[in-house]
Structure formats: structure tokens, C-alpha cells
Amino acid sequence: MNDLYQYRNIEFSTPDEIRAVQERLLQNHLAYIYENSPFYRRTLDGIALNKITLENLSSLPFTNKSAFENHNDELLAVPMSKIVDIVLSSGTTGKPTKIMYTENDLRRLAYNEEISFASCGITPDDIVLLTCTIDRCFIAGLAYFLGIRAIGAAAVRNGLNSVDSHMEIILRMKPTAIVGVPSFLHKLGLFLQSKGIDPRKTGVKKFICIGEPLRDKNLSLLKMGAYLEEIWGARVFSTYASSETITTFCDCTAQNGGHLHPELAIAEIVNDNGEVLPPGEVGEVVVTTFFIEGMPLLRFRTGDVSFLIDGPCECGRKSPRLGPILGRKKQMMKYKGTTLYPQAVYSALDEIPEVAEYYVSVTSDFDLSDALKVYVSVNGNSCTEKEIMDILQARLRVRPDVIISSGEEIRKQLFAGNSRKAMRFIDRRTDQ
């Protein structure tokens, strides 16, 4: 673990220097997983691992989420006596799977979040309000807490509390940054306004947003991101990670995508055939982790869809960046011969000023096709279903059905079960 810290700030080095470090770390990683993980010893047996480089990494097999379900104990690369924290992650069959971390894994997690928060401008002078859970077998809230501690800022752990509670905390604790789900932060801002409090005057200057995208494929702000900046007068930053990879891609101050920390992981984008795609092309995000002791990963298929951005960033970092998450691979829809992700529909709807709120419902029509319906509420009687369908057709090249409903009905679906994260995608294909 101590070796990790020598690579701090490697993302500011030249691409050749970054590549040299990653080649060395990849060899160390392959030797570690083969020696310590029964799963990888079995799957990699017979492969000349000492011949593997970044160039031919794609010759090695993927690790799927199902490995956590079917070979959980085999994946473990340390004795159980070294495990200090166990969390759950959603599985492919609906049954959560175990992810286990050692003490060094938690130190790595703190380092990972420390350098990620630093990249978007969090400093020891900040007071950071956490509106996400730190318990219930989730890792995210703990990760952010560890990162804030590591950077020397002050954490306020108000967690999954009501908007009334967060309002009191904001007025008393004066946070300068908030970590949370964008739709909840939007709701919180509107609540403050309803109480006669101007969110712009609260002192909150940054949002680190989780769970929902802020930007489209062109890195332009989606409607929700624009709402947050307008209501709060604060800058919004997106951060992406998973319980399995515990490796973060966080926006920097230039807001040009989430930077890869080269000492922590290798990122690839692959197509449906598993072939590696060049920067700019959209496919599934695949991550190989470094310096994880408990459950290290080789070419882990995240199921999330995005693209890589190469070239130097305005912030000075030269590591690749990950674009916004455009959707989940399992959310991919085949609609009248066109492949479509929900995020593409959201982006199109966000550009229609008359649309207030919305969600998308998909069912199976017949084999190899899906039936897509878009439910929206509009401001007054400002537009018709046909007008919205025309705009969607122009943007998406397909014409899904549009149903205009009341704002109350739409919100009831979006926040079903008191969820604070808007549930905009209803997938009923598995119900049929």
C-alpha cells in the first residue's frame, strides 16, 4: 500500500510516463491476483502473464458481475481475518452480492476520494455536507467521508434525512459543498425558496453529484445540472464509481469529464463483441483495478455505458477522462430497429422548455423489439403530445409514444416509495 502514495499526481505527468507506470503496476497486479485469488488462478492458468502489456491486455478474459454471485469466496485474495468491512452490491439476479474490503482497501478508498475531491476544488477550508447514506451496507457514503477526512475538510454526516433537517443543518453548519443526488438537491433548493431562503445566499459553492448524470455526450449541462447552478449559484461536479471497483472518475475544475487516476486503475471501453474501442466511441466501461487487496479485479465489465476522452485537460492533467454515463447496458432498448439508451431520451426532453417532468416506460412488444412510452407533464397547456413527438423524432430518429399527464401523477411515479433519486426509467420487459 505504501507504494501507492509514490504515484500521487502521476496524472499530471506525460502520457509516456503514465504509460510506463501503468505497465509496471499491471505486471504487479497480474502476479498478485494469480498468486492470491483462486478465481483468477483458475481463469488465468496457462497464460504467460509476464508477456501481458497494456497493448495486449484485451487478450485476457473479462470479469463479470456474475463472478461476485457465483464465485464470491474464490474471488477473495486474502484470508477472512484480514477483512474489516463487508457491503452489498446489486447482483444480476436481484440478489445482492458481497463485496469485502481489507484495512488497506479502505486506506486506498480514502486516497481515491481525497484526490478526486481535490480535483474538483475541495480544500481543507471546506465544510462538506453528506446527504447520502453511510450505513445500510452501502460503501458510497463511507467513501466520501473517508475522502473528506483525508483531504482535511470538515464532514457533516446528515445522511438520508428530510429536506427540513438538511435546511436546519445548512443554516447552522454553513456547509460550502454538498454531496448528493442531483434531483434531491434540486428539491432541497426549491424547499429553501419556499421557506423564503435564497439558496444562493447560503454559502454553498459546490455540488459533488452522484447517481444521476449532469451532462450529455457533448459535456453540456442537462436541465437538472442547469437548474442546480441557477437555483444555488453553485458549480456542479459529477463523480462516478462502483462498489466493486472502488475507483472514482470525478470531474475536475475544468468540468471536462471524470479523470482516471492512473495509479488506481486501467479503463477500457468495449463494444458488444468485447472489442476495445478508441477514445470517443461509446461502449461499456471496463475497469482493471490496482492496489486492491481483498477483491482485486481484472477487466471488470461495469455494465455502464460511456466513452473515453484523451488529450490534455485544461486543468493540467494528462490522464484519460471518462465521459458522462449515458446509460446502463441492460437498459439498452431496441426500438423500431434503432438502439437507444434512456439518457438519450432524457437529453432530448431536457431541451424542450415546455416539458416540466418526465419518465420513460419500456415493455416488450415482440421478439427483438421494445415498446417505448414517454410520460411528461408540461407547463400549462404550452405544447401538445404531437409537438413533443416531432421533437423526439428529430433528435432520436424514432417516434416514441408521448402521454401528457399531470405534474402530480408524474412526481408520484418519479419518487415512488419516498425515493430521493428520481426513477425516470421503468423497465417492464422482465415482467412479461
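These questions and answers concern the cores and helix packing of a predicted model.

In this predicted model, local features need pLDDT of at least 70, side-chain atom pairs count only at pLDDT 80 or more, and totals for chains, interfaces and linings use all residues. Residues are numbered from 1 along each chain as its sequence is written, and side-chain values use heavy atoms, with hydrogens and water left out.

User: Which helix gives the most residues to the largest nonpolar core?
Analyst: A nonpolar core is a set of buried Ala, Val, Leu, Ile, Met, Phe, Trp, Tyr and Cys residues joined through side-chain atoms within 4.5 Å. Buried means under 20% relative accessible area, exposed over 50%, and partly exposed in between (1.4 Å probe, protein chains only). The largest such core has 41 residues, and Leu26, Leu30, Tyr40, Leu60 and Leu298 touch the most other members. With six residues, the greatest supplier to this core is α2.

User: What is the angle between helices α9 and α10?
Analyst: Helices (H or I, at least four residues) are DSSP runs, numbered from the N terminus. Axes are lines fitted to C-alpha atoms, for helices over the stretch in contact (heavy atoms within 4.5 Å), and angles run from 0 to 180 degrees between N-to-C directions. Angles under 35 degrees count as roughly parallel, over 145 as roughly antiparallel, 65 to 115 as roughly perpendicular and the rest as oblique. The axes of α9 (residues 182-194) and α10 (residues 223-232) are 10 Å apart, and the angle is about 30°, which makes α9 roughly parallel to α10.

User: How many charged residues are in the contact of α9 with α10?
Analyst: Ala, Val, Leu, Ile, Met, Phe, Trp, Tyr, Cys and Pro count as nonpolar, Asp, Glu, Lys and Arg as charged, and the others, Gly among them, as polar. The α9 side of the contact includes Pro182, Leu185 and His186, and the α10 side includes Met224 and Trp232. By class there are 10 nonpolar residues, four polar and, as for charged, no residues.

User: Are α8 and α9 roughly parallel or roughly perpendicular to each other?
Analyst: Helix α8 (residues 163-173) packs on α9 with axes 10 Å apart, at an angle of about 70°. The residues of this contact divide into seven nonpolar, one polar and two charged. By their angle, α8 and α9 are therefore roughly perpendicular.

User: Is His186 buried or exposed?
Analyst: His186 is found in helix α9. Not counting residues up to four places away in sequence, His186 touches Met224, Tyr227, Leu228 and Ile231. Its relative accessible area is 14%, so His186 is buried.

Definitions and conventions
Helix = DSSP H or I, 4+ residues; strand = E, 2+ residues; numbered from the N terminus.
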